[in-house]
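Please examine the structure below with the following account at hand. The discussion begins with a single residue and proceeds from there to folds, helix packing and chain contacts.

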Amino acid sequence: MPEKPDRNAIEVRGVRKVFGTGENAVAALATVSVSIRENEFFTLLGPSGCGKTTLLRLIAGFDYPSAGEILLYGDDIAPQPPFRRPVNTVFQSYALFPHMTVAENIGFGLEMLNKPKAEVKARVAEMLRLVRMEQLANRRTSQISGGQQQRVALARALAPQPKVLLLDEPLSALDYKLRKDMQIELKRLQGETGITFIFVTHDQEEALTMSDRIAVMSAGRILQVGAPRDIYDRPADRFVADFIGESNFLKGDVTGTDGGRATVKLSSGTEIRASLPEGFSPSGSVTVVVRPEHAQLAAADGGAALQGTVENVVYLGTDTHFHLRLDDGVPFIVRRQNARGGADSFAAGSRAGVVIGGDAAQVLRD
Amino acid sequence: MASAEEIARAADRKDIRDRWLLSAPALIIILVAATGPLLIVLVYSFLTSAAYGGVEWKFSPEAWVSVFLERDIFDDTLSLADANITIFWRSIKLALMTTVVTLALGFPTAYFMATRSEKTRDLWLFLITIPFWTNLLIRTFAVLQIIRNEGIINTLLMKAGIISAPIQILFTDTAILIGMAYVYLPLMVLPIYASMEKLDFRLVEAGYDLYASRWQVLRRIILPLVKPGVIAGSILVFIPAIGAYVTPSILGGGKNMMISNFIELQFGQAHNWPLGSALAITVMVIVMIALLVYVRNTGAASGERRG
Amino acid sequence: MAKPFSIRHQPGFTAIAALCFFALYLPILVLVVYAFNAASSTAEWGGLSLKWFQSAAQNTQVIDATVRSFQIAATAAVIATIAATMAALATTRTPPYPGLTFKYAAINQPLMVPEIVTAVALLIFFSRIKIFTGYSGLGYLIAAHTAFCIPFAYLPIRARLENMDLTLERAAADLYATPWRAFRRVTLPLLWPGILAGLMLAFVISLDDVVITEFVKSGGQDTLPTYMLGQIRRGITPEINAISTAFLLLSVAIVTLFFFVSRKRD
Ligand SMILES: Nc1ncnc2c1ncn2[C@@H]1O[C@H](COP(=O)(O)OP(=O)(O)O)[C@@H](O)[C@H]1O
Ligand SMILES: [Mg+2]
């Protein structure tokens, strides 16, 4: 049988996780289902406390689901303790063994798998090269910097060649510059090793730049799964739109739908075209989202979709934000890229129109 | 096939079972060689005393009656057992006084230690720890050599011409008090120091900034914040002090008994095991009450911190 | 010139502290000095001499008592530390479970009851068993010492465990270490300073015990402290000072070791 190109590495089916009992019960995960494909860089994105770590821990086997099942390449892994699962974790705190050297840390997993000494040695050397740490092999883990610890943790988890690598906010403890470097480094490692990565972060920018696909989580649920572009351009609900990037929300009524698009009559009276989330055909009142950079300013009363007053102009170097108050009282932000020598044509207090392009608006599910 | 919930529950059950197995050796040793025998003491306190030590297996409340009451040999009337009550009172009084003295000396000492520089602090702690680890018998013996009639206190005072004859300190309640204060002082200093070390001196600065005097800063800021340490220290001193055996038997002589020595007497020359048992239970109850007060206080304190 | 205001100063506290440290060490110093007294009474000073150390070293009662003390302390401390380590593993780093409070109470029970009460209880209990079994060896003393050493050994081990990151053991499990291997390779090496501290604490506590030993021992089972107590009650010779000095030296050595073991954090 030929290998299917997108086999599922992990399938999470109806998994619930409740901590505590009775009145103290907290549902950290409220029925989550998601499939993660082989070889993909999959990101769990959500605010702190939404259940990301909990889901990783269930996959790694440090905790048991209250309901549901987790499949690894089609097999239910519930009966397997963590030390039998071909899954490795890069811990948020790195969890490097303080009483071992860098090399001993990296070789630990292979040693536990009873690999021959020579093989362990060769593989450790290879991993040290992969994460560019050859010089520090015999250092104690307390004698290396945070960024280096990060790379040791990564090498240690990759050394046994797991089927899936779990990374729990691995970059959150690093400073900005190092984080940027490591983002590229991680992406490179994933490409070179071909291992499925499940990456957890609460940083939307990180998620957008690194992932093949993103699952946005909130309060123990997965709200939307998709490629970074889908998630950004077509947020399916208000939380996703709000959490990722900046958004303008406009109220309106659906007056007609065709295919994947709807005509929405905004409260200002103008009608605009907006795309619909998959499998969603609304009627009546809806919310429409428009990204600030997908709208343009135009001369006031020039037939633009919306009219308002510029309240505030914020210069940000690469671009400028115009904070408007629309005539029906709704706030609206337009972002415009700055050109060299360009003057601010819309000063605070002036009237302006807002043009919403043909593919700029998206109807939200809620 | 087992459901996720069953697997989770089985894992929890196994974890708890493993934890019981792991703690079994410690629990068994303590139950057999410490806790269990306490119950036998309770039983013995209700039995009849045998003539030459031991007991006869016959129920009798006599021991408990004679803890507090005395039966007149001639007319069988009961009156308060003055001798016993004196011993109880002396024990409680001496234990309380020891607590007060060690607190009065230990609090400033702990404060002094906690306000030293980071580096020298460890040295002071080390100096307090050495006596703490040194055999209590040896330390009591050291006190004995200081306060006896030929000891250096009396010798120096006589050489200086302040006194003409040695002051009799040894074999008095004062000697017991000095001895207990000496041996238990580290037990007071260590917990107070532990909480004092954590004290944030910016709070003290804030106090002075808001016009508090030194005394007010001590009363209103430092003391409330190190209260858990003060209570812990007091309990750590009071409990061994009330049951003290070595110190009173060396420094108090035969006359100034504390409860422990009196209990020993019942198991030795007096051959009254049931009374000894009843007395032992009584000490234990006193200690339990003290501990209960402690738990109440610290429980409330930690509750405040959480809330 | 006016002295600047010191935030940390409290009037009189330094003087009291100085007095305390002086008072703590003066008696010990005097005791040590008199151990080198050539006179045969501690009431007078007869010049420097090591004769009381020699006399103690030749006293078979002292030698027997010392050997016995070490036998009991070593055995009790080792057993107590093993039991306490297991108990600490069973009672830390877990959400509360049924019986946990009971375990805490049971393990700490010997600390909460005055020694004299335990001593009396063991006297009664063991005297019955002695009659019943006919055995009257050191086993009773060792059992009693083990029991009251457990809470002391438990203290530093538990403290160390609670400060230990559970994630490290999870990481080991994640890297294919079975529970036993994770314990051997990760938990135990990291716990080791705590275990060592517990062992030393237990050893010293057992070595120092007077009350329980005094009540539990059979004839001819004097330990060094009970032997000394008997001698002090009978009247003092500088020999006791000499023994005390040697004992003291041992204590200081152990505290110093303990101090470094428990302070070392990596
Ligand atoms: N062991 C636990 N006991 C009780 N509640 C827990 C436990 N672990 C996590 N939780 C709760 O579950 C929720 C999700 O936690 P977590 O998965 O750590 O979130 P995230 O990693 O997304 O920040 C939180 O509300 C947290 O308080
Ligand atoms: Mg997390």
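In this predicted model, A:V15 is buried, because 22 other C-beta atoms lie within 10 Å and the threshold for burial is 20 or more. The residue belongs to strand β1 of chain A, which covers residues 8-19. Which residues does A:V15 contact, once its neighbours within four places in sequence are left aside? They are A:L29, A:V32, A:L58, A:P65, A:A67, A:G68 and A:I70. For one of these partners, A:G68, the C-alpha atom is separated from that of A:V15 by 4.1 Å, although the two residues are 53 apart along the chain.

The surroundings of A:V15 may now be set within the chain as a whole. Chain A contains eight helices and 20 strands. Its 366 residues include 40% that count as buried. Among the contacts of chain A between residues at least 6 apart in sequence, 66% join residues at least 24 apart. The C-alpha trace of chain A extends over about 80 × 50 × 50 Å along its principal axes. Chain A is divided into domain 1, residues 8-233, and domain 2, residues 246-363. The centres of these two domains of chain A, taken over C-alpha atoms, are separated by 39 Å.

Two residues of chain A deserve attention for their backbone geometry. Most residues other than glycine have a negative phi. A:Q161, which is not a glycine, has a positive phi near 50°. This residue lies in the loop between α4 (146-158) and β7 (164-168) of chain A. A:Q161 is partly exposed, because 14 other C-beta atoms lie within 10 Å, a count that falls between the limits of 12 or fewer for exposed and 20 or more for buried. A:A219 likewise is not a glycine and has a positive phi, in this case of about 45°. The loop that holds A:A219 runs between β9 (213-218) and β10 (221-226) of chain A. With 15 other C-beta atoms within 10 Å, A:A219 is therefore partly exposed.

Attention now turns to chain C and the packing of its helices. The axes of α1(C) and α11(C) are 8 Å apart, and the two helices pack at an angle of about 120°. How are α1(C) and α11(C) oriented to each other? They are oblique, since an angle over 115 degrees is no longer roughly perpendicular and only those over 145 are roughly antiparallel. The crossing of α1(C) and α11(C) is left-handed. On the side of α1(C), the contact is made by C:I28, C:L31, C:V32, C:Y34 and C:A35. On the side of α11(C), the participants are C:P238, C:N241, C:A242, C:S244, C:T245 and C:L248. The contact of α1(C) with α11(C) comprises eight nonpolar and three polar residues, with no charged residues.

A second helix pair in chain C is formed by α3(C) and α8(C), whose axes come within 8 Å and cross at roughly 140°. The arrangement makes α3(C) oblique to α8(C). The crossing of α3(C) and α8(C) is right-handed. From α3(C), the residues that meet α8(C) are C:S69, C:I72, C:A73, C:A76, C:A77, C:A80, C:T81, C:A84 and C:T85. Their counterparts in α8(C) are C:I195, C:G198, C:L199, C:A202, C:F203, C:S206 and C:L207. By class, the contact of α3(C) with α8(C) has eleven nonpolar and five polar residues, and no charged residues.

The helices just described also enter the contact between chains C and B, to which chain C gives 71 residues and chain B gives 66 residues. On the side of chain C that touches chain B, the elements giving two or more residues include α1 (13-35), α3 (60-91), α8 (179-208) and α11 (238-263) of chain C. The largest share of that side, 13 residues, is provided by α1(C). The residues of the side of chain C that touches chain B divide into 55 nonpolar, twelve polar and four charged.

Chain B also touches chain A, where five residues of chain B are in contact with seven residues of chain A. The side of chain B that touches chain A consists of four nonpolar residues and one charged residue, with no polar residues.

Conventions: Residues are numbered from 1 along each chain as its sequence is written. Chains are lettered from A and ligands numbered from 1 in the order in which they are written. This is a predicted model: local features need pLDDT of at least 70, side-chain atom pairs count only at pLDDT 80 or more; totals for chains, interfaces and linings use all residues. Two residues are in contact if their C-beta atoms, placed from the backbone, lie within 7 Å. Helices (H or I, at least four residues) and strands (E, at least two) are DSSP runs, numbered from the N terminus. Ala, Val, Leu, Ile, Met, Phe, Trp, Tyr, Cys and Pro count as nonpolar, Asp, Glu, Lys and Arg as charged, and the others, Gly among them, as polar. Domain bounds come from an automatic or database domain assignment. Axes are lines fitted to C-alpha atoms, for helices over the stretch in contact, and angles run from 0 to 180 degrees between N-to-C directions. Angles under 35 degrees count as roughly parallel, over 145 as roughly antiparallel, 65 to 115 as roughly perpendicular and the rest as oblique. A crossing is left-handed if the near helix is turned anticlockwise from the far one by less than a right angle, and right-handed if clockwise.
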